[in-house]
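Here is a short briefing to read alongside the structure below. Take a moment to turn the model around before going through the points.

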Amino acid sequence: MRTSVIAKRYLDYFANHGHMVVPSASLISPNPTTLFTIAGMVPFIPYLLGEQTPPSHRMASNQKCVRTLDIDEVGKTTRHGTFFQMLGNFSFGDYFKAEAIHYAWELLTTPQNKGGYGFDPETLWVTTYTDDEEARSLWRNEGMDPAHMQIMGMEDNFWTTGGPGPGGPCSEIYVDRGPQYGIEGGPAADESRYIEIWDLVFENYEVDNVKSKTDLHIVGELQHKNIDTGAGLERLAYLMQGKNNIYETDEVYPVIEAAERVSGRSYGDNEEDDVRFRVVADHVRSALMIMSDGVRPSNEGRGYVLRRLLRRSVRSMRTLGVQDEVLPDLLPVSKAAMAPSYPELNDRFKEISEVAYGEEDAFRRTLDNGTSILDVAVKKAKRVEDSTDGGVVSGQDAFTLHDTYGFPIELTLEMAAEQGVKVDEPKFRELMAEQKSRARADALKKRHNVDLSVYDDFKKTLTQPISFLGYTDFSSRSR
Ligand code: ATP
């Protein structure tokens with residue numbers, strides 16, 4: 001079943017059960033504390049908190065998500081993408097635990113020829129929160145094998161916003177891939193054999209004094225209880241398509257095939273290269289989707305995340321032996337794989353690709369200038385005799401790479417790590433701080449010893465130049 005069909009089935013199922021289906025919100029998070037939309041519930045937060053009235057008390061969506069926290073897992077685990085799609089069904093003061101559990105079980109276990117996903121109930125496992133006997137009894141009634149239910153504490157199975165407000169236990173659903181993928185014992189024993197596919201959150205408490213996930217105070221029961229669920233579309237797809245991981249599914253794998261053609265190497269030959277192939281496929285797709293929502297490469301915030309994704313794709317292709325430009329061979333393939341689900345990519349692609357290819361050109365120049373300097377620094381680090389940890393690139397070398405050759409510290413760290421050496425990051429930071437204070441002192445001199453840097457933040461908020469009206473508009477101001 002293609003990924004888009006799996007998504008459609010989910011949305012159809014919940015539409016048939018009275019849910020209003022809404023399109024994905026932008027990847028640019030409406031929540032100012034996070035750069036990207038990291039979960040399906042993010043656009044629904046005002047409804048979950050009771051701040052706004054939802055257009056329907058039952059809603060469902062397939063939300064585009066980006067999680068940079070998972071970037072180091074990409075390609076190494078079977079289940080982490082920087083971009084992924086989260087299916088979700090939500091109840092705002094409407095149905096609660098019994099229905100949420102019933103819907104999940106029914107959709108997962110109904111045979112595929114009857115509109116469901118057709119998972120064998122024997123492969124399904126759940127975790128539940130310590131005190132949540134009700135959830136365990138509901139799962140048992142649905143037909144879940146009691147031996148496949150594991151109890152977890154607050155750290156794993158209790159959700160809060162991180163502050164005072166709604167909170168509640170959750171129940172996570174896992175699929176057992178079988179003994180060839182790891183050890184017996186359920187998700188508590190092995191999260192790479194037992195794959196988490198769906199998290200059901202039962203928001204029934206009001207909490208305060210949330211010092212940490214395990215140190216909070218339950219004030220009482222909420223008057224309006226909510227359901228918030230998130231199912232990983234790519235994870236469902238890889239399990240249902242009989243693949244080994246999310247990168248081999250229909251919306252991602254074509255980029256791996258394109259990378260094979262370009263590099264002349266084969267996916268599946270050795271694990272090191274395979275990780276690189278998966279990183280390329282994941283990052284190219286994430287960059288495409290992030291750009292489609294209007295982000296452009298820059299040195300801060302979302303733009304910097306995008307820049308890193310593009311650069312890591314290019315560098316992974318270099319480690320696969322390709323020195324030439326790669327994005328013109330890869331980006332259109334990712335677009336073709338994603339456009340059936342996101343047709344807006346067709347209209348936006350011309351501009352997106354021009355920006356991406358320009359970014360690759362600039363990065364290739366940076367790499368050409370800095371790589372040989374880094375190599376010398378790494379050799380020097382490896383020569384230091386008493387190094388027990390494979391050597392350390394000096395803070396001064398990392399600083400020169402940054403200052404003269406445009407290598408951001410993350411790039412130096414990554415490239416040094418590939419060669420088995422560390423970087424003296426504290427010294428690098430110290431040198432950066434010194435440079436900053438020198439620059440500030442110079443600026444002060446130029447501005448006749450008046451420190452105007454207090455206006456810097458304000459200046460950034462201006463969308464257009466302001467004119468001085470003191471001479472012409474004095475009368476209106478005096479009133
Ligand atoms: P994990 O512990 O496996 O990283 P999680 O606990 O962070 O998952 P949730 O935050 O509960 O996951 O997200 C809900 C669902 O979204 C998960 O059950 C999973 O199916 C999917 N999901 C989460 N993170 C990713 C990711 N980086 N790539 C693909 N799917 C993901």
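Gly-242, just after α6, takes a positive phi of about 65°. The helix before it is a good place to start in this predicted model, since 8 of the 8 residues of α6 are buried. From there the briefing moves to the ligand, the strands and the cores.

**Helix α6 and its surroundings**
- The buried residues of α6 are Leu-233, Glu-234, Arg-235, Leu-236, Ala-237, Tyr-238, Leu-239 and Met-240.
- Among the elements that cover the buried residues of α6 are α1 (3–16) and β2 (58–66), and the cover also includes β3, β7, β8 and β9.
- One residue of this helix, Leu-236, is also among those that touch the most other members of the largest nonpolar core.

**The shell around the ligand**
- The ligand is surrounded by 18 residues, and the closest are Asp-70, Phe-84, Asp-199, Gly-230 and Gly-232.
- Two or more residues of this shell come from each of β3 (83–92), β8 (194–212), β9 (215–232) and α6 (233–240).
- Which element gives the largest share of the shell around the ligand? That is β8, with 4 residues.
- Sorted by class, the shell holds 7 nonpolar, 4 polar and 7 charged residues.

**Strand β7 and its partners**
- Why is strand β7 (residues 165–176) described as largely enclosed by the rest of the structure? Because 11 of its 12 residues are buried.
- β7 pairs with β8 in the antiparallel sense over 10 bridges, and in this pairing Ile-173 stands opposite Trp-198 in β8.
- Strand β4 (residues 124–129) also pairs with β7 in the antiparallel sense, here over 4 bridges; Leu-124 stands opposite Val-175 in β7.
- Strand β6 (residues 158–160) runs antiparallel to β7 and is joined to it by 3 bridges, with Phe-158 opposite Pro-169 in β7.
- The β6 and β7 strands form a hairpin with 4 residues between them. In the turn, Gly-162 has a positive phi of about 100°.
- As background for reading these strands, side chains in a regular strand alternate between the two faces of the sheet.

**Nonpolar cores**
- In soluble globular proteins, nonpolar side chains tend to be buried together.
- The largest nonpolar core here has 98 residues, and those that touch the most other members are Ala-104, Leu-236, Val-255, Ala-259, Val-280, Ala-287 and Leu-330.
- Helix α8 (residues 271–292) gives the most to this core, with 10 residues.
- Which residues is Val-280 in contact with, leaving aside its neighbours within four places in sequence? The contacts of Val-280 are Val-255, Ala-259, Ser-313, Ser-316, Met-317 and Leu-330.
- A second, separate core has 16 residues, including Leu-374, Phe-399, Phe-407 and Ala-416.

**The protein as a whole**
- The secondary structure comes to 16 helices and 11 strands.
- The C-alpha trace spans about 75 × 75 × 50 Å along its principal axes.
- The protein has 479 residues, of which 40% count as buried.
- Taking contacts between residues at least 6 apart in sequence, 67% join residues at least 24 apart.

Definitions and conventions: Residues numbered from 1 in each chain as written. Predicted model: local features only at pLDDT ≥ 70, side-chain atom pairs only at ≥ 80, totals over all residues. Near = placed C-beta within 6 Å. Nonpolar A, V, L, I, M, F, W, Y, C, P; charged D, E, K, R; others polar. Buried ≥ 20, exposed ≤ 12 C-beta atoms within 10 Å, placed from the backbone. Pairing = 2+ DSSP bridges. Contact = placed C-beta atoms within 7 Å. Core = buried A, V, L, I, M, F, W, Y, C linked by C-beta atoms within 7 Å.
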